[in-house]
Amino acid sequence: MKINYSEEVQLAKRTGKPILALESTIIAQGMPFPQNLDFANRAETLCRDSGVTPATIAILNGNIHVGLENEVLEFIAKNDDVKKVSRRELGMAIAENWHGATTVSSTMHIAHQAGIPVFSTGGIGGVHRGGEYSFDVSQDLTALATIPMIVISAGAKAILDLPKTLEMMETLGITVLGYGVDEFPAFYSRESGCFRIHPVSSPGGVAAIYKENVSAGLSSAVLVANPVPQENEIPTQEIESIIESACKTAADQNIIGKELTPFLLKEIMEKTGGRSLDTNKALALNNIHLGIQIVKELA
Ligand code: PSU
Ligand code: MN
């Protein structure tokens with residue numbers, strides 16, 4: 001796989017400067033323009049201001065890019081032809097010259113090939129509500145099971161069935177750490193009712209567990225579940241009925257497969273009058289902030 005590195009990422013690789021991987025589906029399919037571009041720019045600035053090189057990953061005309069120039073970032077944020085590309089679509093995107101935004105699974109694959117071990121996202125995918133009937137389980141979980149990296153996420157998206165997602169992650173051997181908490185965070189909210197997550201209180205603690213996993217020869221990822229900051233959260237009582245009604249709308253309109261997650265996020269954004277978008281941005285930036293500290297610890 002040929003990878004096109006930005007000059008900034010090339011320099012960081014050459015000089016051993018810390019690099020943090022970032023995905024692009026959150027930009028292209030997860031948020032509307034222009035808020036998505038504002039988020040992407042703030043994400044990259046936060047990294048640079050902390051002495052870490054941002055490596056946002058995307059596909060342009062079938063070429064894999066690790067580190068995006070400003071114009072490319074803007075193109076990904078604005079252009080409606082940018083497809084959502086997970087791991088299974090990587091070959092299609094390259095062979096058929098797609099413009100593609102990478103999900104957690106494909107971003108992990110590319111970052112790992114590029115030798116970048118830490119990646120911050122918003123919230124990973126998982127087992128969808130009703131997954132026992134639809135079998136809709138995100139490829140993010142199988143990527144987390146097979147790629148040894150550190151992924152920072154605000155738990156898993158609240159649109160999912162979180163207890164089933166946690167069970168699946170246990171089955172797949174994914175190391176789940178709660179950052180300062182023993183309750184799995186629910187993306188928009190800090191609370192999920194799912195307790196007994198192993199808590200870790202420092203970036204060094206995360207790095208130490210990751211290093212031991214690697215030296216033990218494990219191929220699974222360490223998922224750091226980092227709750228949304230209190231001031232930005234939408235409490236479960238407020239968001240739950242909105243999520244339920246969004247899931248019902250999706251079922252009524254027969255939205256399935258890879259369209260489902262972007263559809264639900266958009267519905268929830270509209271039904272909360274944009275509040276969920278502000279929360280999504282805040283939690284993703286908070287995950288980048290933690291990713292920066294972990295990357296520095298590893299360097
Ligand atoms: N986190 C966000 N917004 C997003 C995503 C994550 O805050 O849009 C994206 C990620 O790219 C993740 C994808 O991999 O949603 C999950 O999609 P699915 O459920 O179809 O696997
Ligand atoms: Mn799915």
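**Entry 1: two helices**

I began with helix α6, residues 104-113, and looked up how it sits against α8; in this predicted model the two helices pack at an angle of about 25°, with their axes 8 Å apart. I noted that angles under 35 degrees count as roughly parallel, and α6 and α8 are therefore roughly parallel to each other.

Which residues make the contact between α6 and α8? On the α6 side I found Val104, Ser105 and Met108, and these meet Gln139, Asp140, Ala143 and Leu144 in α8. When I sorted the residues of this contact by type, I wrote down four nonpolar, two polar and one charged.

**Entry 2: the largest pocket**

Next I turned to empty space in the model, and I recorded about 540 Å³ in the largest pocket. This pocket is lined by 32 residues, and those closest to its centre are Lys84, Ser86, Thr103, Ser138 and Thr261.

I then asked which helices supply at least two residues each to the lining of the largest pocket. They are α2 (25-28), α8 (139-146) and α12 (260-271), so I met α8 again here, after having seen it packed against α6. The largest share of this lining comes from α12, which gives four residues. By type, I listed the lining of the largest pocket as 16 polar residues, with eight nonpolar and eight charged.

Why does the largest pocket lie between domain 1 and domain 2? I found that domain 1 (1-116) and domain 2 (124-283 + 291-299) both give residues to its lining, and it lies between them because of this.

**Entry 3: the second largest pocket**

My last search was for the second largest pocket, for which I noted about 420 Å³ of space. It has 21 lining residues, and Ala28, Gln29, Gly30, Met31 and Pro32 are the closest to its centre.

For the helices, I wrote that α4 (70-78), α12 and α13 (275-298) each supply at least two residues of the lining of the second largest pocket. Here, too, I recorded α12 as the source of the largest share, with four residues. The lining residues of the second largest pocket divide into twelve nonpolar, six polar and three charged.

Finally, I checked the domains, and the lining of the second largest pocket draws at least three residues from each of domain 1 (1-116) and domain 2 (124-283 + 291-299).

Note on methods
Residues are numbered from 1 along each chain as its sequence is written. Chains are lettered from A and ligands numbered from 1 in the order in which they are written. This is a predicted model: local features need pLDDT of at least 70, side-chain atom pairs count only at pLDDT 80 or more; totals for chains, interfaces and linings use all residues. Side-chain values use heavy atoms; hydrogens and water are left out. On a 1 Å grid over the protein atoms alone, a cavity is a set of points where a 1.4 Å probe fits but cannot get out, and a pocket is an open set with protein on both sides within 12 Å along at least five of seven lines; lining residues have an atom within 4 Å of a point. Grid points are joined across faces, edges and corners, and a volume is the space filled by probe spheres set on the points. Ala, Val, Leu, Ile, Met, Phe, Trp, Tyr, Cys and Pro count as nonpolar, Asp, Glu, Lys and Arg as charged, and the others, Gly among them, as polar. Domain bounds come from an automatic or database domain assignment. Axes are lines fitted to C-alpha atoms, for helices over the stretch in contact, and angles run from 0 to 180 degrees between N-to-C directions. Angles under 35 degrees count as roughly parallel, over 145 as roughly antiparallel, 65 to 115 as roughly perpendicular and the rest as oblique. Contact means heavy atoms within 4.5 Å.
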